Amino acid sequence: MLAESLALSAALFTIGVVGVLTRRNAIIIFMCVELMLNAVNLTFVAFSRVYGATGQVFVVFVMTVAAAEAAVGLAIIIAIFRHRQTVNLQNINLMKG
Amino acid sequence: MQLQYPLFYTFHFYLFGVIALASALAFVTRKSPVAAALWLVNTMFAISALFVLLDAQFIGVMQVLVYAGAIMVVFLFVIMLLNLGHPSEIADKRGLWATLIAVGMGIVLVAQIMVVSSGKVATPYVMPPNFAADQMKKLGAVGTVAAPLFNEYLLAFELTSVLLLVAIAGAVVLGRKRDGRAG
């Protein structure tokens, strides 16, 4: 089941990349990043069956980082929304030269 | 080396794999953020079922509790707090170039995976075939994760708590209303 898990997680990761590159809603882009993290977790768990339980420990760390990232990122999105009244990345070009 | 899996196992593995893929595709194509979030929750449930099938029961439970239970609830909370539930009036999609780049990256990634999975796994590091199931029997589902977490990776585990503290402080500072004062 290792090859199938890897193929599935590659497909999920690719779907996440496509979402990040093609969507403009900041919250949906953020959720696509979560999907990519999930795909990586699937890879870790699939390999942990072959190489030992260390992969599962890494999944715990990834989940913690994802939780921290979601909290800070959504706080940033709320702060941006307060200033610009939008989460559409097309309209948020403050740092454009 | 190659394990024979019962038909029941294989059937459910493919079933949840197809559910995860279909939900993920539905997730990136939805216009409404709420619908997208709910499809993503569906994907995460399917992935948690796959974790259980891959002998990682504790990780499967964590997946449901942390991802589907906590993180996605925060996402939905923000969507509804900012009143973004309706599909955006302007077109949400970016141009053709972004789509082409995304598809190209996807093709490269799939090619890499095919090369990696056709190669041979370095045998000295490979555990015996029933290693995961045996360890699960010996240590239990939680002990399998907890034993390395509290021995080899104790420092990283403690640093994780610092990271969470920083994230809490950062979220509070960023989310606070500024009433004219600096800071």
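The following paragraphs describe the fold of chain B, its interface with chain A and the shared nonpolar core.

The structure is a predicted model, in which local features need pLDDT of at least 70, side-chain atom pairs count only at pLDDT 80 or more, and totals for chains, interfaces and linings use all residues. Residues are numbered from 1 along each chain as its sequence is written, and chains are lettered from A and ligands numbered from 1 in the order in which they are written.

Chain B contains 6 helices and 0 strands, where helices (H or I, at least four residues) and strands (E, at least two) are DSSP runs numbered from the N terminus. Its order along the sequence is α-α-α-α-α-α. Among the contacts in chain B with a separation of 6 or more, 57% join residues 24 or more positions apart; two residues are in contact if their C-beta atoms, placed from the backbone, lie within 7 Å. Of its 183 residues, 24% are buried, a class that requires 20 or more other C-beta atoms within 10 Å of the residue's own.

The contact between the chains draws 69 residues from chain B and 60 residues from chain A. On the chain B side, α1 (7–29), α2 (33–53), α3 (57–81), α4 (96–118), α5 (131–150) and α6 (154–175) each supply at least two residues. This side comprises 54 nonpolar, 11 polar and 4 charged residues; Ala, Val, Leu, Ile, Met, Phe, Trp, Tyr, Cys and Pro count as nonpolar, Asp, Glu, Lys and Arg as charged, and the others, Gly among them, as polar.

Within the interface, the axes of helix α3 (residues 54–84) of chain A and α6(B) come within 8 Å and cross at roughly 10°. Axes are lines fitted to C-alpha atoms, for helices over the stretch in contact, and angles run from 0 to 180 degrees between N-to-C directions. The two helices, α3(A) and α6(B), are therefore roughly parallel (angles under 35 degrees). Residues of α3(A) that meet α6(B) include A:Phe61, A:Thr64 and A:Ile78, while those of α6(B) include B:Thr160, B:Leu163 and B:Gly170.

The largest nonpolar core (buried Ala, Val, Leu, Ile, Met, Phe, Trp, Tyr and Cys residues joined through C-beta atoms within 7 Å) has 66 residues. Its largest share, 13 residues, comes from α2(A). B:Leu40 is one of the residues with the most contacts inside this core; beyond four places in sequence, B:Leu40 touches A:Met31, A:Glu34, A:Leu35, B:Phe27 and B:Met72.

Methods. Angles under 35 degrees count as roughly parallel, over 145 as roughly antiparallel, 65 to 115 as roughly perpendicular and the rest as oblique. A residue is buried if 20 or more other C-beta atoms lie within 10 Å of its own, exposed if 12 or fewer, and partly exposed in between; C-beta atoms are placed from the backbone.
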